[in-house]
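Visitor: I would like to know how the terms used for a structure like this are justified. Could you take me through a few of them?

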Amino acid sequence: MTDRAAITSRRDFLKLGGATLGAIGLSTMVPPKVAQAARRNGLLTAAGDGLIPTVCEMCVWRCGVLARVEGGRVVKLEGNPDHPHSQGKLCARGQSGLMTTYDRDRVLHPMIRVGERGGGLFRQATWDEALDLTASKMLAIRQNYGAEAMVFSSTHNLSQLQFENLLNAYGSPNYGTQRSLCFNSMVTAFLLTYGIEEPGRNYDDVEYILLVGRNLAEAVSTSETRALIQAVDRGAKLVYLDPRFTKTAAKANEWIPIRPGTDSAFLLAMIHVIVTEELGDCDFARQYIAGCDDLPAAMAQYTPAWAETKTGVPAATIQRIAREFAAAKRRALAHPGWRTSNFVNSFQTERALATLNAVVGNVFEPNGCLLATNPEAGGVELGAPPQPSYPRSSAMRLDGVPWKYPLVPLKLGVFQELRDAMLTGQPYQARGWFISRQNPVLSLPDRARTLQAIGKLDFIVDIDVIMNDTAWYADVVLPESSYIERYDPLYALDGKVFIRQPVVEAQGEARSALWIYQQLGERLGLADYFQYSDEEDYLRQQLAPTGIDLASLKQAGYAEPLVRPPEPSQEISFNTPSGKIEVYSETLARAGFSPWPTWEEPPAPEPGQFYLLTGKVGQHTQFATQNNQYLHKYEDEPRLWMNETVAQERGLKDGQLVRVTSPVGEVEVKLLATPAIRPDCLFMAAGYGHRSKGLRTAFGHGGSDSDLHVTYTDPISGGQALSQTFVTVESA
Amino acid sequence: MASDQPFAFLFDATRCIDCRACMVACSAENDVPMDDTRIWLSGDGVFGTYPDLERASMPYHCMHCLEPACASACPVGAWTKRDDGPVVYDAARCIGCRYCMNACPFGVPHFDWNKGLLDEPLITKCTMCTQRLDVGQPPACVQTCMTEAFQFGRRDEMLAEARARLAGRPGKYVDHIYGEHENGGTSYLVISHVPFDKLGLPAVPAMPVNATTEAVMAGTIPFALGWAAALTAVAGVVRFRQARMTPPAEVDGQDLPVVELADAIQEDGQ
């Protein structure tokens with residue numbers, strides 16, 4: 001803190017890096033004033049004390065939070081017992097949220113780059129200057145190159161609605177989410193098979209759970225992780241497929257260290273056993289499954305003996321698990337997975353999962369453990385401010401959807417392809433990139449290539465709470481308030497409306513995304529698309545159709561609509577062309593792909609090479625939380641996992657520095673010699689190896705697997721194959 | 001229903017996923033410095049030979065003994081066992097001798113070297129979140145535990161719950177409730193699927209350390225007074241002899257007090 005006082009006098013020119021690293025804060029952290037809105041609503045006393053309900057944003061699960069405020073400062077966050085996702089609990093990340101707000105590396109003012117990109121030389125700007133500059137650059141790009149030359153990307157946050165509004169109003173078709181690095185294969189497969197993006201899971205009735213790499217104990221979704229552990233505690237059987245002995249594997253009755261890339265062989269053989277032995281729910285199947293009669297023939301070749309040659313799992317084990325799974329009938333659950341971007345055949349893994357659930361008839365009530373309904377909104381429809389229709393864009397999307405990837409949903413996109421188009425200039429050159437709370441510099445495969453692509457752009461603007469890696473390479477950085485300092489658009493869950501609301505005043509000059517997008521909209525001549533006077537006005541317009549009063553919503557943190565939506569029909573139907581579960585998909589056939597779930601041989605490492613696996617740790621979220629000091633304090637040191645026997649054979653010692661080399665890059669990282677991984681695999685947790693010197697906690701900590709990942713895209717779902725990169729290791 | 005039983009934690013290692021939410025919650029709730037912690041990870045982690053593996057870890061913090069060794073070892077009464085369970089510390093009384101650290105059979109209290117050397121002596125450890133207990137809330141670690149690996153309640157109820165779980169799932173757990181008897185009983189009870197040493201819990205006899213520490217401490221003051229009496233006696237004898245004896249030059253005066261001192265100690269019986 002003491003060095004900041006000296007730095008604040010250097011208002012106009014700040015070198016962020018080296019000896020003056022402290023400059024990122026720009027000015028001293030002003031003690032937060034009492035959140036005016038909260039006080040007006042009686043949530044805070046005059047002294048600034050209170051308990052305010054809001055919604056977490058440390059991951060995308062959006063748990064309900066009760067924020068304890070003392071003297072205008074958040075001192076503790078707890079799970080809201082009334083929220084279905086928190087049930088009174090928060091994970092490590094949720095508990096650490098106040099440290100994100102009070103991070104010493106918060107960006108407190110708009111910043112404009114003055115040195116070269118990535119050099120860390122920025123100057124402080126006023127909001128007017130930064131917004132004017134951003135708008136003028138965006139207008140110039142649209143005028144000179146067309147709106148399509150401006151790329152927009154943001155991922156899975158509550159303000160996404162207004163982000164999409166901005167890009168659609170501006171007129172660009174180029175929308176980059178990070179979904180192709182995550183769940184494209186799962187969503188695309190379930191859309192094609194069930195007609196829904198992501199089926200719900202019922203753990204209340206489950207007796208048999210098959211998790212295919214779904215590491216719920218470390219990729220934590222509070223209520224679902226809780227439900228899984230409760231089910232296991234109750235005696236449900238858990239079978240877990242993963243090349244690593246994760247914390248989820250430790251809770252499983254059976255851990256199967258399957259060969260990477262062969263999950264679909266295991267699942268296809270399970271389907272083979274169930275349909276040839278007629279163990280499934282035949283009545284359900286005939287009525288609701290398209291392709292039911294031909295399924296045994298289509299699966300004939302996928303015998304357990306065949307699967308053993310692919311997976312390394314004994315045929316008898318596969319057969320037994322298939323029989324056990326089928327015996328559990330509706331009380332069986334094969335989890336659809338989440339980040340399923342592993343191999344180019346991961347789409348087939350997901351198709352097989354969708355089929356496996358369908359053949360045992362668990363996909364509908366009562367007691368069905370996979371819910372072919374979207375659990376999210378629960379029928380609540382929120383309003384929106386009036387606005388004109390969007391301009392039509394006839395430009396091709398840079399990410400190849402749909403002209404190269406006909407089956408990838410527009411809202412998912414193919415992010416890595418978008419990055420490649422920025423670099424190659426094909427089919428046209430992108431000029432600008434508008435990024436909101438996303439970290440593509442760290443998340444996209446092949447970081448060197450991403451940095452090259454950035455070099456082709458005229459203008460990059462990034463909205464973030466801290467100086468994340470992408471902000472570090474941006475031309476303008478707009479500071480967003482943290483989630484406990486701002487309103488975001490309301491959302492509905494399980495038939496209720498929930499609110500994220502400011503609990504404390506924003507640090508520095510940080511502002512909400514709702515405000516930033518509106519300010520930019522006005523400067524871009526798009527004010528008609530942003531018809532709200534402030535955040536609360538936006539929320540009131542959202543609430544209009546529900547009859548809910550904003551003040552009471554703020555008080556309780558949630559409310560049920562007074563105007564009840566009509567009860568959904570009890571009739572079972574699926575939103576697919578045939579109205580059935582499309583185990584056989586005419587859509588896939590027409591696009592030139594196999595209409596059946598099918599085996600696609602994945603590539604395998606050469607002798608001397610290893611599979612490089614990626615995944616999560618329970619203390620961090622993707623590429624965003626590594627600078628949080630609480631999480632840093634309680635995480636395990638990020639290291640490269642190697643099987644201890646292999647390490648010994650190679651003369652490598654636990655804790656030593658090793659060099660990992662892939663076709664596109666190399667990193668040096670400490671070794672973890674452990675029995676908890678297959679001998680042919682290595683593992684690095686994602687999200688480490690930050691380059692931004694504006695992150696004093698995360699900078700240079702661990703290595704980034706994005707430096708190593710080769711870009712491989714699944715032609716059907718557009719998913720990036722994150723486990724398909726093969727690497728070598730040597731002592732550094 | 002009110003109970004005169006102390007509060008106790010029940011930790012079930014089979015439910016813990018090692019997510020560390022309890023650790024972050026503790027740090028935030030108690031404003032624990034970044035370089036310190038009141039809960040730490042304990043246990044072997046992953047053990048066995050690939051692919052036959054198991055995992056053992058637990059969040060380790062103060063056991064809140066029914067008869068706390070730290071309190072009995074403390075010469076100035078800085079430690080107190082509250083009736084409702086927590087073993088608490090009074091920094092104002094502490095003289096920084098760190099006897100408590102040596103006395104604790106679980107290795108829990110630790111010295112804050114940042115503050116302890118230059119500022120004032122400071123021993124830190126889990127307080128069972130007394131500030132929360134006092135307003136009817138469970139400790140922060142318990143409150144946030146999503147898998148309910150931590151439960152919290154009156155000790156007799158927690159023991160009953162632990163027994164019910166052991167009886168309900170034969171073969172799942174090691175047939176023992178750690179803390180029921182260890183060191184005379186603790187307010188942190190643990191049940192587990194792996195042997196307790198795999199969780200890093202020490203083998204502690206049922207007899208509380210206090211039986212020893214209290215015996216020692218009980219003898220300390222008589223011992224000190226005895227020494228004072230003995231030395232006073234020696235001094236008196238010496239002075240008496242010096243007064244009675246011929247001038248010192250004529251005798252080997254160096255030996256006399258030593259002999260008398262040894263006799264005096266023997267007579268005192270210490």
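Guide: Two strands pair if DSSP finds at least two bridges between them. Keep in mind that this is a predicted model.

Visitor: What makes strand 3 and strand 4 of chain A a pair?

Guide: Strand 3 (residues 64-70) and strand 4 of chain A are joined by six bridges. The requirement is at least two bridges, so the two strands count as paired. The sense of the pairing is antiparallel. One bridge links A:E70 to A:R73, the latter in strand 4 of chain A.

Visitor: Why are strand 2 and strand 4 of chain A called edge strands?

Guide: The sheet is open and has three strands in the order 2-3-4 (chain A), with antiparallel pairing. Strand 2 (50-55) and strand 4 (73-79) of chain A each pair on one side only. From one strand to the next, the twist averages 30 degrees.

Visitor: How do you know whether A:L267 is buried or exposed?

Guide: Count the other C-beta atoms within 10 Å: for A:L267 there are 29. A residue is buried at 20 or more, so A:L267 is buried. A:L267 is in helix 9 (residues 263-276) of chain A. Leaving aside residues up to four places away in sequence, A:L267 touches A:T349, A:A352, A:L353 and A:L356.

Visitor: Why is helix 7 of chain A called oblique to helix 14 of chain A?

Guide: Helix 7 (residues 184-193) and helix 14 (residues 346-359) of chain A pack at an angle of about 45 degrees, with their axes 8 Å apart. Angles under 35 degrees count as roughly parallel and 65 to 115 as roughly perpendicular. The angle of about 45 degrees fits neither, so helix 7 of chain A is oblique to helix 14 of chain A. The crossing of these two helices is right-handed. By class, their contact has five nonpolar, four polar and two charged residues.

Visitor: What makes helix 15 and helix 17 of chain A oblique to each other?

Guide: The axes of helix 15 (residues 415-424) and helix 17 (residues 447-455) of chain A cross at roughly 50 degrees and come within 8 Å. That angle too is outside the ranges for roughly parallel and roughly perpendicular, and therefore the two helices are oblique. This crossing is left-handed. A:R419, A:M422 and A:L423 in helix 15 of chain A meet A:R449, A:T450, A:Q452 and A:A453 in helix 17 of chain A. By class, three of these residues are nonpolar, two polar and two charged.

Terms used. Residues are numbered from 1 along each chain as its sequence is written. Chains are lettered from A and ligands numbered from 1 in the order in which they are written. This is a predicted model: local features need pLDDT of at least 70, side-chain atom pairs count only at pLDDT 80 or more; totals for chains, interfaces and linings use all residues. Helices (H or I, at least four residues) and strands (E, at least two) are DSSP runs, numbered from the N terminus. A residue is buried if 20 or more other C-beta atoms lie within 10 Å of its own, exposed if 12 or fewer, and partly exposed in between; C-beta atoms are placed from the backbone. Two residues are in contact if their C-beta atoms, placed from the backbone, lie within 7 Å. Axes are lines fitted to C-alpha atoms, for helices over the stretch in contact, and angles run from 0 to 180 degrees between N-to-C directions. Angles under 35 degrees count as roughly parallel, over 145 as roughly antiparallel, 65 to 115 as roughly perpendicular and the rest as oblique. A crossing is left-handed if the near helix is turned anticlockwise from the far one by less than a right angle, and right-handed if clockwise. Ala, Val, Leu, Ile, Met, Phe, Trp, Tyr, Cys and Pro count as nonpolar, Asp, Glu, Lys and Arg as charged, and the others, Gly among them, as polar.
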